[in-house]
Amino acid sequence: MLEIGVLVSGRGSNLEAILESIEDGEIKGARVAVVISNDPDARALKVAEKHRVSAVAVPSDGLTREEHDRELVRVLKGHGVEPGSGLVLLAGYMRILSPGLVRTYSGRMMNIHPSLLPAFPGTRAQMQALDRGVKVSGCTVHFVVPEVDAGPIIAQKAVEVKEGDDEASLSSRILRQEHRLYPRSVKLFAEGRLRLVGRRVEVR
Ligand code: GRF
């Protein structure tokens, strides 16, 4: 059984899509063991509880980044998400990770980002795409490396930018695709079909 830990900060719609894919049997041999939020009020924690998954708030107040991340590792391990065998998913997690945390789960940590990376890394990717006037944007699932939004790309989906789009309309069109792309990527990982070759991810 692949034990998954999900790090969240907000709404939790990607978390929900992954939980539903596991419950539907679309993703087999995996379960979400714990959902951790830096924000105790995040809706994502309610999503976890609704699906009977352990929901843990780990606020960062008064802790250095390294101390906070060590606490995350402690909670992940405490729920069976082991560095050599588990999987950590960032799903709207709004904090920069320490190199130590990234190293601990190297090759076993994924993120979803609302643009076609390497275009528009960082915050408000949809607004960046609108400002730049691209006609196509999308979403990317990638393995996490210390540099933000820069890891080996697992899967991408293109989404059209329409005349008259604003940040909200483009974000929601991309989000619909995120909800399909992230579970599909987790399924590939759970089936052992992803192989890291340098900067590239081979899908078998
Ligand atoms: C998504 O757009 C994701 O790509 C980005 O943060 C947002 C999280 O949304 N990293 P949700 O919390 O999954 O609803």
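Trainee: How many residues line the largest pocket, and which of them lie nearest its centre?

Mentor: This is a predicted model. Start with the lining. In this structure 37 residues line the largest pocket. Gly92, Tyr93, Met94, Ile112 and Pro114 lie nearest its centre. The pocket volume is about 920 Å³.

Trainee: Which elements give two or more residues to that lining?

Mentor: There are helices and a strand here. α1, β5, α5 (125–132) and α6 (167–190) each give two or more residues to the lining. Of the elements, α6 gives the most, with five residues.

Trainee: How do the lining residues divide by class?

Mentor: Count nonpolar, polar and charged. The lining has 16 nonpolar, 14 polar and seven charged residues. Keep in mind that glycine counts as polar here.

Trainee: Where does the ligand sit?

Mentor: The ligand sits in the largest pocket. Two elements give two or more residues to the shell around the ligand: α1 (13–23) and β5 (109–113). Both elements also appear in the list for the pocket lining.

Trainee: Which residues are around the ligand?

Mentor: A shell residue has a heavy atom within 4 Å of the ligand. Here the shell holds Arg11, Gly12, Ser13, Asn14, Gly92, Ile112, His113, Pro114 and Glu178. Gly92, Ile112 and Pro114 are also among the residues nearest the pocket centre. By class, the shell has two nonpolar, five polar and two charged residues.

Trainee: Which atoms of arginine 11, asparagine 14 and glutamate 178 lie by the ligand's oxygen atoms?

Mentor: Look for N or O pairs within 3.5 Å. Then ask whether the protein atom belongs to side chain or backbone. For arginine 11, a side-chain N or O atom is 2.6 Å from a ligand oxygen. For glutamate 178, a polar side-chain atom lies 2.7 Å from a ligand oxygen. Asparagine 14 uses its backbone: an N or O atom there lies 2.9 Å from a ligand oxygen.

Trainee: How much of the ligand's accessible area does the protein cover?

Mentor: Compare the ligand on its own with the ligand in place. On its own, the ligand has 370 Å² of accessible area, and the protein covers 86% of that.

Trainee: Now the backbone. Which residues does a cis peptide bond join?

Mentor: Read omega. Leucine 117 and proline 118 are joined by a cis peptide bond, with omega about 10°. Proline 118 lies in the loop between β5 and α5.

Trainee: What is the phi of arginine 52?

Mentor: Check the sign, then the residue type. Arginine 52 has a positive phi, about 60°, yet is not a glycine. Its place is the loop between α2 (43–50) and β3 (54–57).

Methods:
Residues are numbered from 1 along each chain as its sequence is written. This is a predicted model: local features need pLDDT of at least 70, side-chain atom pairs count only at pLDDT 80 or more; totals for chains, interfaces and linings use all residues. Side-chain values use heavy atoms; hydrogens and water are left out. A polar contact is a pair of N or O atoms within 3.5 Å; within protein, one must be able to donate a hydrogen and the other to accept it, and residues adjacent in sequence count only if both atoms are side-chain atoms. Accessible areas come from the Shrake-Rupley method with a 1.4 Å probe; for residues, only the protein chains shown count as cover. On a 1 Å grid over the protein atoms alone, a cavity is a set of points where a 1.4 Å probe fits but cannot get out, and a pocket is an open set with protein on both sides within 12 Å along at least five of seven lines; lining residues have an atom within 4 Å of a point. A molecule sits in a cavity or pocket if more than half of its atoms lie within 2 Å of its grid points. Helices (H or I, at least four residues) and strands (E, at least two) are DSSP runs, numbered from the N terminus. Grid points are joined across faces, edges and corners, and a volume is the space filled by probe spheres set on the points.
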